[in-house]
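This briefing describes a predicted model. It covers overall dimensions, one helix in detail, a surface patch and several individual positions.

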Amino acid sequence: MTSLKLALLHGAHLFWPLALLCLWAIFRGRGTPRIVAGLVLILSLPPAWARFVEPRLLTVHEER
C-alpha cells in the first residue's frame, strides 16, 4: 500500500478522539471555541461516514 492509503486507513481512527474533544468543547466551552468545535465536528463527519459507515452499506454482487 502507498503511504497515502495507509495514512487514510489508520488516520481515520483519529476521528474518534477528535469527535470527543469537539463534543467536550461544545458542551463545556463558551463563545468562539464552541463555534469552532461545532464547525470542525460538522466538517469531519462526511469523511468519517465515508470511512466507517458507507463501506458496510455497499453490496457486492458476483456474476457467474
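A patch, as the term is used here, is made of residues with over 30% relative accessible area and no salt bridge, and nonpolar side chains are joined into one within 5 Å. L18, V36 and V40 form a nonpolar patch of this kind on the surface, and together they offer about 200 Å² of accessible area. The chain that carries the patch has three helices and zero strands.

**Overall architecture**

- Along the sequence, the elements follow the pattern α-α-α.
- The radius of gyration of the chain is 16 Å, whereas a compact globule of 64 residues would have one near 11 Å.
- Taken along the principal axes, the box filled by the C-alpha atoms is roughly 60 × 25 × 15 Å.
- Of the 64 residues in the chain, 20% are buried.
- The accessible surface amounts to about 5800 Å², and carbon and sulfur atoms account for 70% of that area.

**Helix α2**

- Helix α2 covers residues 15-28, which is 14 residues. Its first and last C-alpha atoms lie 20 Å apart, close to the 20 Å expected at 1.5 Å a residue.
- Which residues of α2 are buried? They are F15, A19, C22, A25 and I26.
- These buried residues fall within an arc of 130° when α2 is seen down its axis, so they line one face of the helix.
- The spacing has a general background: an α-helix has 3.6 residues a turn, so residues three or four places apart point the same way.
- The other side of α2 carries the exposed residues L20, L21, W24, F27 and R28.
- W24, a member of helix α2, has a relative accessible area of 56% and is therefore exposed, since the cut-off for that class is over 50%.

**Helix α3 and the patch residue V40**

- Helix α3 comprises residues 32-57, and V40 is found in it.
- Is V40 buried, exposed or partly exposed? With a relative accessible area of 33%, V40 is partly exposed. This value also satisfies the patch criterion of over 30%.
- V53 also has its place in helix α3. Its relative accessibility is 29%, so V53 counts as partly exposed.
- R34 is another residue found in helix α3, and a relative accessible area of 39% makes it partly exposed.
- A37 belongs to helix α3 as well. Its relative accessible area is 7%, and A37 is therefore buried, because buried means under 20%.

**Distances between selected positions**

- W24 and A37 are 13 residues apart along the chain, and their C-alpha atoms are separated by 8.8 Å. This pair joins an exposed residue of α2 to a buried one in α3.
- R34 and L23 are 11 residues apart along the chain, with 9.0 Å between their C-alpha atoms.
- How far apart in space are V53 and C22? The C-alpha to C-alpha distance is 20 Å, for a sequence separation of 31 residues.
- A37 and P55 are 18 residues apart in sequence, and 27 Å separates them in space, C-alpha to C-alpha.

How values were computed:
Residues are numbered from 1 along each chain as its sequence is written. This is a predicted model: local features need pLDDT of at least 70, side-chain atom pairs count only at pLDDT 80 or more; totals for chains, interfaces and linings use all residues. Side-chain values use heavy atoms; hydrogens and water are left out. Patches are made of residues with over 30% relative accessible area and no salt bridge: like charges are joined within 9 Å, nonpolar side chains (Val, Leu, Ile, Met, Phe, Trp, Tyr) within 5 Å. Accessible areas come from the Shrake-Rupley method with a 1.4 Å probe; for residues, only the protein chains shown count as cover. A salt bridge is a side-chain nitrogen of Lys or Arg within 4 Å of a carboxyl oxygen of Asp or Glu. Helices (H or I, at least four residues) and strands (E, at least two) are DSSP runs, numbered from the N terminus. Buried means under 20% relative accessible area, exposed over 50%, partly exposed in between (1.4 Å probe, protein chains only). The radius of gyration is taken over C-alpha atoms; the globule rule is 2.2 Å times the number of residues to the power 0.38. The expected span of a helix is 1.5 Å times one less than its number of residues. The arc is that of the directions from the helix axis to the C-beta atoms.
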